[in-house]
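Work through these exercises with the sequence and the model open. Try each task before you read its solution.

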Amino acid sequence: MAHEFNLLSQILTVFPQNAVIICCVLGVIAVLMAATIILLYLKKRPKKEPGSVGFFGRIKNNVKEKCAAVKDVFKKKPKEEYAYAGPELTKGEKFRRGLKSQSGWLFVAPALILMAVFTFYPIIAALVNSFKQGYNSMTGSFNGWGFDNFVRVLKGDTGTGGADFVQCLINTLVLTFISVPLSTLLALLISVALNSIKRIQKAYQTILFLPYLTNALALGAVFATFFQIIGTANNTESVGIVNNVLGWFGVAPVDWVGLTSPHWEIGRLSIPWAKYIVTIIYEIWSGLPFKILILFSAMQSINKQYYDAAKVDGASRWTVLWKITAPMIMPQISYLLVTGIMGGMKQYSAVVGIFGVTMGQDYDMGTMVGYLYNYIELGQMGYAFAGSLILFIIIMIITWINNKVTKKRTTYR
Amino acid sequence: MKISIQHLTKIFPSRTKGDKAVHAVEDMNIEIPSGKLVGLLGPSGCGKSTTLFMLSGLESPTSGKIMFDDQDVTTLSAEKRGVGLVFQNYALYPHMTVEQNIRFPLDNMRIKKEEGNARALDAARLVQIEDLMARKPNELSGGQQQRVAIARALVKMPNVLLLDEPLSNLDARLRLQTREEIKRIQRTTGITTVFVTHDQEEAMSICDTMVVMKLGIVQQIGAPQDIYDDPNNLFVANFLGTPPINIFKGKISGGKVYIGGEAIGETKYEDRDVYVGIRPEGYIYHEDGAFTLQLDHIEVMGRDKSVVSTHEASTKPTVRSIIDSDVPLPRDATELKFNIKPNKLFLFDAETEERLR
């Protein structure tokens, strides 16, 4: 946990002063806007008459009116209908009306301000700063513009001993594209099983949902212990539970998570397959509860008549699952795939939980987000910015493909 | 295929303590001859759908037997019975095209592709939807969906075709058309067909045999006209016929049937309180008629007139009688006198509501 606090304090230190200024300006504008509009409402408030709707009533009516206007815009009604047709207005009245017509901004202001500060500004800042060579986040100095950061990130030539981007990218893609489909498939099968039992269904449901409520780092620590190898000292084997179980089948203990973990070397990259297995099992297992929850509730909403019809028509259980149940809950499955892959691309806590802050040996289990944190920690913001932009583009492309593929196979009921 | 239902009973156990178990069907005995169209008729909750689902194998009976020809199918599972079932909401798979929907039972039977295609096309032709094969169910009208559902049930050449409220989701005009269609398909294929409905008109118009049910108990079985002309009890008499039969409180005294103070007919039964049922077409207008009704108004329907009147002994607010439009009726009359056709007059015991026969 200390690690995470450390990160937070660093992020806060590098958060530049101009952001604070923008914050303040936006905040002041919003407050002024709000005050003016409220004052206008108050000033226009007539003496209480029978049938008057009051202050909040008028706000309500205004909202209604706005909603209707938006609806009409979508229906493409001609704009003339809204032209003012009353007696001529004084300048002040015109101004007031003009301001009032903009009061919709007031309602979106809180969200807009927060997003501006914490989403839009960082995106733009990252985009701009990623092109600054030798950027120093403390002083804001840099050597000039160019693609230097991107080149160095992709070549792995950062000269800091930090994580390797390509290694992290491959790790992330492998982990995501193996664990997400597998865990979705498994969740589908478990949901079908859960759906077909009548007794203690609720109890199973609760048990299956428990991992969802547990802290990711704690789970990672437990997994690391499961897969631990400590060694064979004095001919006494002292290994983790997984190695113990494998030992019953005559498999020699494997160092799943430690320094001597087996891996393949390909060029400057290493493929730590044993660590992959551990992480994939973790990802599948920890992803199950939410997926089961979604798929199970989707299945319960399928009309029972489809199953009756299938039964009369002699469909086997297998046919029912693949030809009826799965297509019927395709919207939910594609939702899980899309969000699962997006989440997978951003995974970090699992790897840190299992393999510690260095994400394995020399960051050989690093993920893309881990890469970013790593370089923020090293104070090399330029590489972090460049890496985050590449990550952004990759996620965008994958999500786009994902949508194309799943939309084709989805019939919404 | 001949179907015989013997002592069929279905009891749904109570869900919570204190609830009574529901006797959905009780001791049902029906023989359905091969190639006939049989309608199960009754108000909702009378067990007609439960009976149908027991025939299909989706529900298992609590006791009793179901025989297809000489084979006892009571414990046979749905897919082995070879029945085609059309659901009330059709239950077409929304993600499959019409063709895939119709082919679905064949695919499950592992029938070769060419043969399957040919059979699917035949079934589609029979219900006249062969132009819609590439569509998805949500692109079809209600009537078209209905036909797809029937085609899907027919494509596996079932021994028995079961229809659960097949017309209830259609509009009035389509309903007339489709019920003739069902009759035509049943005649062409010669498949023994059982269908469930709560609409007596529908049942009367297309059934060979009709089974009238109430609260899980069969009230009467027979040809529609026979049941109409000769109802077993007050419920059956009341349930069949549009406009419905008129029921009066009356009594038998000295071999005569009395409603109010008027003797409207003769009978051989001994003195007692009765319900007197008179079919709307059983009234003959006559200046010196035996039965007096207080005229409310007259509805002209072209072919005949519908006389709406009141009577203090009637169990319903109005009495409706159908008179031939040639018969001149006095205008501005407050009372009309009728003679009653003896064969349109039914007497029911006031306590048991059973017909006096």
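**Exercise 1. Two domains**

How far apart do the C-alpha centres of domain 1 of chain B and domain 2 of chain B lie?

*Solution.* The model is predicted. Start with the bounds. The domain assignment of chain B gives domain 1 as 3–239 and domain 2 as 246–349. Next, take the two C-alpha centres: they lie 39 Å apart. Now look at the contact. Domain 1 of chain B gives five residues, and domain 2 of chain B gives five residues. Last, sort the domain 1 side by class: three residues are nonpolar, two are polar and none is charged.

**Exercise 2. A cis peptide bond**

Find the residues that a cis peptide bond joins in chain B, and place the proline.

*Solution.* Begin with the general rule. Most peptide bonds are trans. Then check omega. Between Thr242(B) and Pro243(B) omega is about -10 degrees, and the bond is cis. Finally, find the place. Pro243(B) sits in the loop between α9 (234–239) and β11 (246–253) of chain B.

**Exercise 3. Two positive phi angles**

Consider Arg110(B) and Glu165(B). Which of the two counts as buried, and which as exposed?

*Solution.* Most residues other than glycine have a negative phi. Take Arg110(B): its phi is positive, about 55 degrees, and it is not a glycine. Arg110(B) lies in the loop between α3 (98–108) and α4 (113–126) of chain B. Count its neighbours. Arg110(B) has 8 C-beta neighbours inside 10 Å, so it counts as exposed. The cut-off for exposed is 12 or fewer.

Now take Glu165(B). Its phi is also positive, near 45 degrees, and this residue is not a glycine either. Glu165(B) belongs to the loop between β7 (160–164) and α6 (172–189) of chain B. Count again. Glu165(B) has 20 C-beta neighbours inside 10 Å, so it counts as buried. The cut-off for buried is 20 or more.

**Exercise 4. A strand with two faces**

Sort the residues of strand β19 (residues 335–340) of chain B into a covered and an uncovered face. Then find the strands that pair with β19(B).

*Solution.* Recall the pattern. In a regular strand the side chains alternate between the two faces of the sheet. Apply it. Leu336(B), Phe338(B) and Ile340(B) form the covered face of β19(B), while Glu335(B), Lys337(B) and Asn339(B) form the uncovered one.

Then turn to the partners. Strand β15 (residues 283–285) of chain B pairs with β19(B) in the antiparallel sense, over three bridges. One pair there is Tyr283(B) with Ile340(B). Strand β16 (residues 291–300) of chain B also pairs with β19(B) in the antiparallel sense, over four bridges. Here Thr292(B) has Lys337(B) as its bridge partner.

**Exercise 5. Two packed helices**

Describe how helices α7 (residues 165–196) and α16 (residues 368–377) of chain A pack.

*Solution.* Two numbers are needed: the angle between the axes and the distance between them. For α7(A) and α16(A) the angle is about 150 degrees, and the axes are 8 Å apart. Next, name the residues. Phe165(A), Cys168(A), Leu169(A) and Thr172(A) of α7(A) meet Met368(A), Gly370(A) and Tyr371(A) of α16(A). Sort them: five are nonpolar, two are polar and none is charged.

**Exercise 6. Where the chains meet**

How many residues of chain B are in contact with chain A?

*Solution.* Chain B contributes 16 residues, which contact 15 residues of chain A. Look for the elements on the chain B side. α2 (78–81), β6 (83–86) and α3 of chain B each supply at least two residues. α3(B) has the largest share, with three residues. By class, the chain B side has eleven nonpolar residues, four polar and one charged.

How values were computed. Residues numbered from 1 in each chain as written. Chains lettered and ligands numbered in written order. Predicted model: local features only at pLDDT ≥ 70, side-chain atom pairs only at ≥ 80, totals over all residues. Axes fitted to C-alpha atoms, helices over the stretch in contact; angles between N-to-C directions. Contact = placed C-beta atoms within 7 Å. Nonpolar A, V, L, I, M, F, W, Y, C, P; charged D, E, K, R; others polar. Pairing = 2+ DSSP bridges. Domains from an automatic or database assignment.
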